[in-house]
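Let's take a walk through this protein one piece at a time. Have the fold open beside you and turn it as we go.

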Amino acid sequence: MDDDRLLIRPMALTDCDRVAEIRVRGWQSAYRGLIPQSYLDAMSVARDAERHRTRFGQGDGTVVNLVAERDGEVMGWACHGPYRDGEVRTADAELYAVYVDPRRHGSGIGYALLLESLRNRTAVGHERMHLWVLKDNIGARRFYERAGFEPDGTEEPFEVDGVPVPEVRYTRPLNT
């Protein structure tokens, strides 16, 4: 019998290639028109996979990588951990990334990963979760707003290949 339920599980080293593919294709899809196309075209799944393999298992365990899998296929990835204020970690949590295979957008996979990240950070005692999103990425901003995040007025300059692409910070309490 086929089990079409979505499984959210910790990322394994063997997931690095697929996670890199999802991340790179996610950037190339979500950021088209927001980030210089030359930058998006130059992104490499192989380089990104190597970066994931290098980082895998490093650190103190506070950064959590999750994957969403259905029928043995990884379809999404999320990463969260302590909020970084510059290089300093704070008592708050941060959602670093949520990416879904662009062919699976709108299927609930991103939301399932986001909910698991929220549950995880709540369980370890964080009171708030922050995330950064490109100011002009209206689709992502709506996604986070539907999940209870709100912009808190903080903006960061961000530049890609000499083009400004500012980010805004969103925040959500975790104890509600």
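Two strands count as a pair here if DSSP finds at least two bridges between them. Strand 1, residues 7-10, passes that test with strand 2: the two are antiparallel and share four bridges. Look for L7, which sits opposite E69 in strand 2.

Before going further, a word on what you're looking at. This is a predicted model. The chain has a mean pLDDT of 92, and 98% of its residues come in at 70 or more. Among its elements, strand 4 (residues 88-100) gets the lowest mean, 90, while strand 9 (residues 167-173) gets the highest, 97.

Now carry on from strand 2 to its other neighbour. Strand 2 and strand 3 also run antiparallel, this time joined by seven bridges, and L66 stands opposite A78 in strand 3. The hairpin they make has two residues between the strands, and D71 has a positive phi there, near 50°. Strand 2 is mostly covered, too, with five of its seven residues buried.

Zoom out and you'll see the sheet these strands belong to. It is an open sheet of seven strands in the order 1-2-3-4-5-9-6, and its pairing is mixed. Strand 1 and strand 6 (150-156) are the edges, each pairing on one side only. From one strand to the next, the twist averages 30°. Further along that order, strand 5 and strand 9 are antiparallel partners with seven bridges between them. L131 is opposite Y170 of strand 9, so keep those two names in mind.

What lies across this part of the sheet? Helix 5 does: it crosses strand 4, strand 5, strand 6 and strand 9, running at about 165° to strand 5. Its buried residues include A140, R141, F143 and Y144. They span an arc of only 160° around the axis, so they end up on the same side of helix 5. Strand 4, helix 4, strand 5, strand 6 and strand 9 are among the things that cover the buried residues of this helix. Swing round to the face turned away from that buried side, and you meet the exposed residues R142 and R146.

Both ends of helix 5 are worth a stop. Just ahead of it, N137 lies in the loop that links strand 5 (128-134) to helix 5 (138-146). Is N137 buried or exposed? Its relative accessible area is 10%, so N137 counts as buried, the cut-off being under 20%. Leaving aside residues up to four places away in sequence, N137 touches A30, Y31 and L34. After helix 5 comes G148, with a positive phi near 95°.

Finally, look inside. In soluble globular proteins, nonpolar side chains tend to be buried together. Here the largest nonpolar core has 24 residues, and L114, Y144 and F149 have the most contacts inside it. Strand 2, strand 3, strand 4, helix 4 (109-123), strand 5, helix 5 and strand 9 each give this core at least two residues. There is also a second, separate core of 19 residues, with M11, I22, V74 and V160 among them.

Y144 ties several of these threads together. Beyond its neighbours up to four places away in sequence, Y144 touches L95, V98, L114, L131, V133, F149 and Y170. That list includes L131 and Y170, the opposite pair from strand 5 and strand 9.

Key:
Residues are numbered from 1 along each chain as its sequence is written. This is a predicted model: local features need pLDDT of at least 70, side-chain atom pairs count only at pLDDT 80 or more; totals for chains, interfaces and linings use all residues. Side-chain values use heavy atoms; hydrogens and water are left out. Buried means under 20% relative accessible area, exposed over 50%, partly exposed in between (1.4 Å probe, protein chains only). Contact means heavy atoms within 4.5 Å. pLDDT is the predictor's confidence in each residue, from 0 to 100. A nonpolar core is a set of buried Ala, Val, Leu, Ile, Met, Phe, Trp, Tyr and Cys residues joined through side-chain atoms within 4.5 Å. Axes are lines fitted to C-alpha atoms, for helices over the stretch in contact, and angles run from 0 to 180 degrees between N-to-C directions. The arc is that of the directions from the helix axis to the C-beta atoms.
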